[in-house]
Amino acid sequence: MPIKTNITELDIFNFVFFNEIIRQNKRKYIERNEDKFELLNFYRKQNKSIARSINKETQKKIAARIPAYKIPKK
């Protein structure tokens with residue numbers, strides 16, 4: 001019997017923006033069932049949009065001060 005995992009919008013947000021803080025079981029569940037979460041595409045587009053609007057030097061400064069911030073890959 002499959003384990004029921006309650007995934008909230010906050011979980012999806014954290015999956016995209018702060019993947020390292022989401023619990024492993026939720027992360028794996030989202031990864032295996034990405035097609036079930038329409039909000040993933042929305043937040044991914046937002047993440048890409050934000051990354052494009054911040055130059056690399058500013059991203060480096062933010063990463064130096066905020067450990068959870070990861071410089072987005074393009």
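Ser49 is partly exposed, with 36% of its area accessible in relative terms. This residue sits in helix H3, and its C-alpha atom is separated by 13 Å from that of Val16, 33 residues away along the chain. The structure described here is a predicted model.

**Overall fold**

The protein chain holds four helices and zero strands. Read from the N terminus, the order of elements is α-α-α-α. Along the principal axes, the C-alpha atoms fill a box of roughly 50 × 20 × 15 Å. The chain has 74 residues, and buried residues account for 24% of them. Its accessible surface is about 6,100 Å², with 54% belonging to carbon and sulfur atoms. When contacts between residues at least 6 apart in sequence are taken, 38% of them join residues at least 24 apart.

**The largest pocket**

The volume of the largest pocket is about 280 Å³. Its lining consists of 13 residues, and those nearest the centre are Val16, Phe17, Asn47, Tyr69 and Lys70. By residue type, the lining comprises nine nonpolar, two polar and two charged residues. Helix H1, spanning 9–17, and helix H3, spanning 39–53, each contribute at least two lining residues. H3 gives the largest share, which is three residues. Val16, one of the residues nearest the pocket centre, is also the partner in the 13 Å C-alpha separation from Ser49.

**Salt bridges**

Side chains of opposite charge can pair when their charged atoms come close. In the whole structure, two salt bridges are found. One of them joins the side chains of Asp11 and Lys26, with an N to O distance of 2.9 Å. This pair links distant parts of the chain, since Asp11 belongs to helix H1 and Lys26 to helix H2 (residues 24–32), 15 residues apart. Both Asp11 and Lys26 are buried.

The side chains of Glu34 and Arg44 also meet in a salt bridge, at 3.1 Å from N to O. Here too the pair links distant parts of the chain: Glu34 is in the loop between H2 and H3, Arg44 is in helix H3, and their positions lie 10 residues apart in the numbering. Glu34 counts as partly exposed because its relative accessibility is 31%. Arg44 is likewise partly exposed, at 28% relative accessibility.

**Residues in and around helix H1**

Several residues in this part of the chain can be placed one by one. Ile7 lies in the segment before H1. Leaving aside residues up to four places away in sequence, Ile7 touches Ile12, Lys26, Tyr29, Ile30 and Phe37. Lys26 in that set is the salt-bridge partner of Asp11. For Ile30, which is 23 residues from Ile7 along the chain, the C-alpha separation from Ile7 is 8.0 Å.

Leu10 and Asn14 are both in helix H1. Is Asn14 buried or exposed? Asn14 is buried, because its relative accessible area is 13%, and buried means under 20%. Its contacts, not counting residues up to four places away in sequence, are Asn19 and Ile21. Leu10, by contrast, is exposed, with a relative accessible area of 55%. The C-alpha atoms of Leu10 and Pro72 are separated by 20 Å, and the two residues are 62 apart along the chain.

Arg23 is in the loop between H1 and H2. Its relative accessibility of 53% is why Arg23 counts as exposed, the cut-off for that class being over 50%. Between the C-alpha atoms of Arg23 and Asp11, which are 12 residues apart along the chain, the separation is 8.9 Å. Asp11 itself is buried.

**C-alpha separations**

The pairs named above are collected here.

| Pair | Residues apart along the chain | C-alpha separation |
|---|---|---|
| Ile7 and Ile30 | 23 residues | 8.0 Å |
| Arg23 and Asp11 | 12 residues | 8.9 Å |
| Ser49 and Val16 | 33 residues | 13 Å |
| Leu10 and Pro72 | 62 residues | 20 Å |

Notes:
Residues are numbered from 1 along each chain as its sequence is written. This is a predicted model: local features need pLDDT of at least 70, side-chain atom pairs count only at pLDDT 80 or more; totals for chains, interfaces and linings use all residues. Side-chain values use heavy atoms; hydrogens and water are left out. On a 1 Å grid over the protein atoms alone, a cavity is a set of points where a 1.4 Å probe fits but cannot get out, and a pocket is an open set with protein on both sides within 12 Å along at least five of seven lines; lining residues have an atom within 4 Å of a point. Grid points are joined across faces, edges and corners, and a volume is the space filled by probe spheres set on the points. Ala, Val, Leu, Ile, Met, Phe, Trp, Tyr, Cys and Pro count as nonpolar, Asp, Glu, Lys and Arg as charged, and the others, Gly among them, as polar. Buried means under 20% relative accessible area, exposed over 50%, partly exposed in between (1.4 Å probe, protein chains only). Contact means heavy atoms within 4.5 Å. Accessible areas come from the Shrake-Rupley method with a 1.4 Å probe; for residues, only the protein chains shown count as cover. A salt bridge is a side-chain nitrogen of Lys or Arg within 4 Å of a carboxyl oxygen of Asp or Glu.
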